[in-house]
Amino acid sequence: MILPWLILIPFIGGLLCWVGERFGATLPRWIALLTMSTLLALGLWLWTTGNYTLAPAPGADPAWALEFKLSWIERFGISVHLALDGLSLLMILLTGLLGVLSVLCSWKEIQRHVGFFHLNLMWILGGVVGVFLALDLFLFFFFWEMMLVPMYFLIALWGHSSTDGKKTRIYAATKFFIFTQASGLIMLVAILGLVLVNYNSTGVITFDYSQLLHTQMSKGTEYVLMLGFFIAFAVKLPIVPFHSWLPDAHAQAPTAGSVDLAGILLKTAAYGMLRFALPLFPNASAEWAPVAMTLGLIGIFYGAFLAFAQTDIKRLVAFSSVSHMGFVLIGIYSGSQQALQGAVIQMLAHGLSAAALFILCGQLYERMHTRDMREMGGLWSRIAYLPGISLFFAAASLGLPVTGNFVGEFLILIGTFPVAPVVTVIATSGLVFGSVYSLIMIHRAYFGPSKSDTVLAGMDGREMIMVVGLAGLLILLGVFPQPFLDTSAATMHGVQQWFSSAFTQLASAR
Amino acid sequence: MDLTTQSFIALAPLLITSATIIVVMLAIAWRRNHSQTFLLSVAGLNLALLSIIPALKVAPLAVTPLMQIDNFACLYMALILVATLACVTLAHAYLGDGGSGYPGNREELYLLILMAAAGGLVLVSAQHLAGLFVGLELLSVPVYGLVAYAFFNKRSLEAGIKYMVLSAAGSAFLLFGMALLYADAGSLSFSGIGKALATTSMPSLLAQLGLSMMLVGLAFKLSLVPFHLWTPDVYEGAPAPVAAFLATASKVAVFAVVVRLFQLSPAASSGVLQDVLAVIAVASILIGNLLALTQTNLKRLLGYSSIAHFGYLLIALVASKGLALEAIGVYLVTYVITSLGAFGVITLMSSPYNGRDADALYEYRGLFWRRPYLTAVLTVMMLSLAGIPLTAGFIGKFYIIATGVESHLWWLIGTLVLGSAIGVFYYLRVMVTLFLIEPNLRRHDAPLNWEQRTGGVMLLAIAILAFVLGVYPQPLLDMVQHAGFQLVG
């Protein structure tokens, strides 16, 4: 029974925030903080008590650490089917943690309509938890689309319009919504196609994951359906030709919105690939893998180059996400256990480091009232602590050893090398560009001649705790990733088995 | 054919509605009283709604060769009656009480709406071209009056005349088409036509021409592209509750009869006509959505959006097998709920009547910070129109996509996806306007105690329904699933 509560807690908490606004402006913040802490605590409790050697794998009926099923729409065999395994648990932990942080980082930034803001924030997180737990494809799509609406409001109502006035926050929010909604509909078409193919062969209408895993389909059908899923995930991840909503949304969103967007929402796409696209369509995915890896490579370089060219510090971090997600994509489609595990670690590490960078950008914005790096410079002497901590996260973002990002990228590259040496070699050189844009960000913002001599306010306790906590976790992930690897091992092993059997078939067919 | 007690039970919804018309008419002649007329109409409509339950027991039953009362007819009768009830309730709020509000005679509006509803009831149970025509005219003619009801407003009068002229032209096409079809098939009943057409592998040229001309007439009423030109003007000019009626009850009735025609004579929609329908669907979706993009008037925007929505519905009509009937039923129910909600908000914002409706988008700026619950209703409706999960509209769209995928109509599905993406843009624009920081200008506002009046209560109920059906649609699906056809040989 704990699984539906993981979803319901944020939704109920959000409503309480809205009601709570009548009794004081800070009450919603505390309610939201409490809600997210409860979610995080529940996640940690599940981590210590659950058995995460259970995970879906080919051949057998999927086994789960925890499962919940309730009939919903009998007409189509749709049920509220939730299940938890190592991968979903790690993602929920990340959601809970970043949820707490996004409440904390908007403590001072958001002063208008506090209750409604936290309602939206909580509902995004509730929808994301739903995505990570849903095992019924209809339910998955339901949550996938549902989390867009509060995110839209978050950007459209509390965002910042760009300084030149060309790109308003409403423009960014609408772009985000249309991109994801349209691609989501393509996924819905693919889901329905899969269900009908299954219906034609078995005579049962069902949207249940475990049953659809056994669907027999022709090669062409599988390929087309796989593409339907892939497009939806490609937009959200984002993969290069579909990425253009991301920098706009990030630049215009409030800090909490950026933290959730980079930290969690992008991960739902990677999660969707690992949970749905690969196991449901292993053969087509194996065939598609070279294309996907190429797209990943393009993402790495394109993201890095454009990040380098940005003057807006949040857009820079946004493009760096595109680059990092390129690595994740390569890891996912390499089909080796090591690389898949690396992709999981990279997802966690990127969630933490990108969240931290966005929080720092937000703190900088609160002091400078600009995100334009041309107007910064020389900040090292003007703000205490903040530049040093930024340097740490910039280093993490370029994949310095000791941080989680290094572990993730290292595992991805070493795991991919035996499968696709050329891709690995090119991807590795992408790390160089990662260092370039990370360091240039630090250089432009914090070094060089100072524009003014006035000393800006240092970091207060709340701001310090957030970023130092994240730094600690990132180092933990970097020096002792084993518990995380153990948790996701079974799930990744399952994915790897699906993939490797498809690869061998593909190889023998050639 | 003899009329038995059973026939009267089956006809009860129509009979009670007609009786209500006469009672209301006499009551107006006896004593003009707004509230009394309103109460009489509501009572009559409720009775008619209740009488569907006994009618279901005797269904399916052919009452005269003209009409067939079956589960399908009962479902759509219920839908029309509910929509009419909602419009009547909205109209009561709109016309206002006592000195304020609508300056002319208020009572006749109810009379006209009731007559139009009776026409709708005939239409959904028609199984004969004569029944179709009688129903259609009974539905349309009172609507001319309704659209022009606020006749001292130039736009309303203009809309009324425009609608009358175009609608009459549409009817002329329809009649001509029927004549040609009769010349070919030698029968006016739907199933008779179906049999006659099925004897040859391909309908003859005469029949195809006749069917196309009928389609023109019906497409006028459904405002499908390229016969949509009247829609935005009429929606804008008509008083808000009338626009709600036009968008819901009127369109549902016409669509239901089209469905019955094509189901009972499947040959009628085969061949070239199927392609024509597909082209109309694509054009309606794209043009409806594209033209809605730049609208700054909420009623016009909803007009264009309804063009697009009926384009989506045509996809199910083109599929016309498997899930299609169910999809049409579910979609129409969700569409009616959503449209009633959206027009309901406009009505309450313009209540009581004061010369013009609050339909400019800027009048809704920052509504959330003044009237949070009313805004919540409109937000749910916009999300539902856009087909976002948690609202009824999503279930409807889900069904249409499922039907399209089932019948492999990939081009149409592609257009639907594209159309929805465009649609999201303007629905979101309306939605975000509601939440923007309010300007100082406040011309129109809903009365402060709007929630406590009948119109407000009804509107909140609709919003809750739209949400509940989005979360738990099973009861609706059960209901619609049982409303299939019983083909009578």
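1. Let me start with the hairpin in chain A of this predicted model. Strand β1 (residues 66–73) of chain A and strand β2 (residues 78–84) of chain A run antiparallel, paired over 7 bridges. If you want a register mark, take A:Leu70, whose bridge partner in β2(A) is A:Val80. The turn leaves 4 residues between the strands, and there A:Gly77 adopts a positive phi near 60°.

2. Next, have a look at helix α18 (residues 461–479) of chain A. Its 19 residues reach 26 Å from first C-alpha to last, close to the 27 Å expected at 1.5 Å a residue. Which residues of α18(A) are buried? They are A:Glu463, A:Met466, A:Val467, A:Leu470, A:Leu474, A:Leu477 and A:Gly478. These residues are on the same side of α18(A), because they cover an arc of only 105° around the axis. The general rule behind such a pattern is that an α-helix has 3.6 residues a turn, so residues three or four places apart point the same way.

3. The surroundings of α18(A) fit into the same picture. Its buried residues are covered by elements of chain A that include α3 (86–105), α14 (337–368), α15 (386–397), α16 (404–416) and α19 (482–509). On the face turned away from the buried side, α18(A) carries the exposed residues A:Gly461, A:Arg462 and A:Gly472.

4. The loop between α14 and α15 of chain A deserves a moment, and two of its residues are worth checking. A:His369 is found in this loop, and its phi is near 60°, a positive value in a residue other than glycine. Is A:His369 buried or exposed? A:His369 counts as exposed, because it has 10 C-beta neighbours inside 10 Å, and the cut-off for that class is 12 or fewer.

5. A:Trp380 also lies in the loop between α14 and α15 of chain A. With 18 other C-beta atoms within 10 Å, A:Trp380 is partly exposed. Leaving aside residues up to four places away in sequence, A:Trp380 touches A:Pro387, A:Tyr446 and A:Phe447. You may also like to look at A:Ile442: from A:Trp380 it is 62 residues apart in sequence, with a C-alpha to C-alpha distance of 9.6 Å.

6. There are cis peptide bonds to check in both chains. In chain A, the bond from A:Leu237 to A:Pro238 is cis, with omega near -10°; A:Pro238 sits in the loop between α9 (219–236) and α10 (245–252) of chain A. In chain B, a cis peptide bond joins B:Val225 and B:Pro226, with omega about 5°. B:Pro226 has its place in the loop between α9 (205–222) and α10 (230–237) of chain B.

7. Now for chain B as a whole. Its secondary structure comes to 19 helices and 2 strands. The C-alpha atoms of chain B fill a box of roughly 70 × 55 × 40 Å along the principal axes. Chain B has a radius of gyration of 21 Å, which agrees with the value near 23 Å for a compact globule of 489 residues. Buried residues make up 61% of chain B. Of the contacts in chain B between residues at least 6 apart in sequence, 80% join residues at least 24 apart.

8. Helix α6 (residues 129–147) of chain B makes a good stop inside that chain. It has 19 residues and reaches 27 Å from its first C-alpha to its last, close to the 27 Å expected at 1.5 Å a residue. Its buried residues include B:Leu129, B:Gly135, B:Leu139, B:Pro142 and B:Tyr144. What covers the buried residues of α6(B)? The cover includes β2 (67–69), α5 (108–125), α7 (154–185), α10 and α11 (240–264) of chain B.

9. One more backbone point in chain B: B:Leu390 has a positive phi of about 85° although it is not a glycine. B:Leu390 lies in the loop between α15 (372–386) and α16 (392–406) of chain B. With 20 C-beta neighbours inside 10 Å, B:Leu390 counts as buried.

10. Finally, the interface. Here 21 residues of chain B are in contact with 24 residues of chain A. On the chain B side, the elements that give two or more residues are α16, α17 (410–435) and α19 (474–481) of chain B. α17(B) gives the most, with 9 residues. By class, this side of chain B has 17 nonpolar, 3 polar and 1 charged residues.

Key:
Residues are numbered from 1 along each chain as its sequence is written. Chains are lettered from A and ligands numbered from 1 in the order in which they are written. This is a predicted model: local features need pLDDT of at least 70, side-chain atom pairs count only at pLDDT 80 or more; totals for chains, interfaces and linings use all residues. The expected span of a helix is 1.5 Å times one less than its number of residues. The arc is that of the directions from the helix axis to the C-beta atoms. Two residues are in contact if their C-beta atoms, placed from the backbone, lie within 7 Å. The radius of gyration is taken over C-alpha atoms; the globule rule is 2.2 Å times the number of residues to the power 0.38. Two strands pair if DSSP finds at least two bridges between them. Ala, Val, Leu, Ile, Met, Phe, Trp, Tyr, Cys and Pro count as nonpolar, Asp, Glu, Lys and Arg as charged, and the others, Gly among them, as polar.
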